[in-house]
Amino acid sequence: MRKNIQTAVIGAGLMGHGIALTLARAGQYVQITDPMVDARATVAGRISDSLKAMGEQPERIAKILKKIEISATIEAAVENAEFVFEAAPEKLDLKRQIFSEIETHASETCILASNTSVMPITEIMSELRVKGRALGTHWWNPPHLIPLVEVVSTASTDSDVVDQMMALLDDAGKTPVWVKKDVPGFIGNRLQHALWREAVSLVENDICDAESVDTVIKASFGRRLAVLGPLENADLVGTDLTLDIHENVLFDLESRQGPSPYLAKLVEEGRLGMKSGEGFRSWTDQEADDVRKRVARYLQRLDGILLD
C-alpha cells in the first residue's frame, strides 16, 4: 500500500481522534474536522496523549502529528481526499446530512465510509448520488487499540471499493473483516449482544447474580476467546459434540426478540451503570475508574506496548 494517501476524518471525538492517529501512524495524511470548536482545538493534544500512552517517543509523536491537519470545515477536509471516514454521533439524519455535504465537495472517485456500530449502512448512504463508492467501517472502541474493523458492503458497493478499503486498513495495522451483507449489528455486535441477552436473562430469572455472570466468563471461556474463536472451538471439540450440546441446551436459552424488561426497568429507574453509580451492580467512582484503567492496561499489553 502506498503512503501519503490523503484521507479525511469527519468527527474529532473519541472515535475520530483514534481513527486519525491510526492512519497518520501508518504514514497517511489526515485532514480532521469537527463542528465543535473545542473538539478541533483539543484533538491534537488528545492524539498526542494517546500516542504517548501507546509507547511512542516524542520524536515519533511529532512526526505523526505533522501528518494531521485540522480543518475548520468539511469542504476543506474532503476536497483532496481519497478516503473519507465519518465518525459522527449515531444519528441517522445527522450522518445523511454529513454525507450530502461530503458528496458535494469530494471527488467522484473518493471512497466514503461511515463508522457505526449498529446502524444500517444502506440507510445512511441512501441519498448519495454515487452509491458504489460507499460502505461502512465499524471501528471498535478504542479504535487505535482494538485491531478489528468490520468493512460492511451494501448491495450497491463496488467490489474494488471493498478491496481498496481492506488494503488501507491492513496497511494501517488493523484486522479488517468483510461483512458481505448489511445486517443490523454486523458480525461483532450480533455475537456480543447474543451473549449479553443470555447474561441479562440469567440475572433476571434469579439463576445467579451479575457478578457471577462476569466471573464465569472472565474465568473460563473468556480466557480462550482471544486465541480460539467459537467455530474453531467447535471444530476442536468436534461438531458431533457441539451438536449434542446444542440439542440439550439451546431450547432453554433466552430467545425473546425485544430487550429484556429487567434491563428496561434499570434504565427507567435511572440505574445506568457506572455513570450513575448503579446498574446491574453498584459502583463507586474509584471502582469504575479502576475498571477503565484495567481495560486500558490490558489492551495496551495485547498491543505489545510496554508500560511503566
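Trainee: Is Leu253 buried, partly exposed or exposed?
Mentor: This is a predicted model. Buried means under 20% relative accessible area and exposed means over 50%. Leu253 has a relative accessible area of 33%, so Leu253 is partly exposed.

Trainee: Where is Leu253 placed?
Mentor: Leu253 belongs to a nonpolar patch on the surface, together with residues including Leu236 and Val249. As for its position along the chain, Leu253 is in the loop between H12 and helix H13 (261-268).

Trainee: Which helix supplies the largest share of the nonpolar patch?
Mentor: Two helices, H11 (230-237) and H12 (239-249), each supply at least two residues of the patch. The largest share is three residues, and these come from H12.

Trainee: Is Cys110 buried or exposed, and what about Cys208?
Mentor: The limit for buried is under 20% relative accessible area. Cys208 has 24%, so Cys208 is partly exposed. Cys110 has 0%, so Cys110 is buried.

Trainee: How many disulfides are there?
Mentor: A disulfide needs a pair of cysteine sulfur atoms within 2.5 Å. By this rule the number of disulfides is zero.

Trainee: Which residues have the most contacts inside the largest nonpolar core?
Mentor: This core has 37 residues. Helix H1 (residues 14-25) gives the most to the core, with six residues. Leaving aside neighbours within four places in sequence, the contacts of Met165 include Phe83, Phe85 and Ile111. The residues with the most contacts inside the core are Phe85 and Met165.

Trainee: How many residues does the second, separate core have?
Mentor: Among its members are Ile98, Ala106, Met125 and Leu128. The size of this second core is 23 residues.

Methods. Residues are numbered from 1 along each chain as its sequence is written. This is a predicted model: local features need pLDDT of at least 70, side-chain atom pairs count only at pLDDT 80 or more; totals for chains, interfaces and linings use all residues. Side-chain values use heavy atoms; hydrogens and water are left out. Patches are made of residues with over 30% relative accessible area and no salt bridge: like charges are joined within 9 Å, nonpolar side chains (Val, Leu, Ile, Met, Phe, Trp, Tyr) within 5 Å. Accessible areas come from the Shrake-Rupley method with a 1.4 Å probe; for residues, only the protein chains shown count as cover. A salt bridge is a side-chain nitrogen of Lys or Arg within 4 Å of a carboxyl oxygen of Asp or Glu. Helices (H or I, at least four residues) and strands (E, at least two) are DSSP runs, numbered from the N terminus. Buried means under 20% relative accessible area, exposed over 50%, partly exposed in between (1.4 Å probe, protein chains only). A nonpolar core is a set of buried Ala, Val, Leu, Ile, Met, Phe, Trp, Tyr and Cys residues joined through side-chain atoms within 4.5 Å. Contact means heavy atoms within 4.5 Å.
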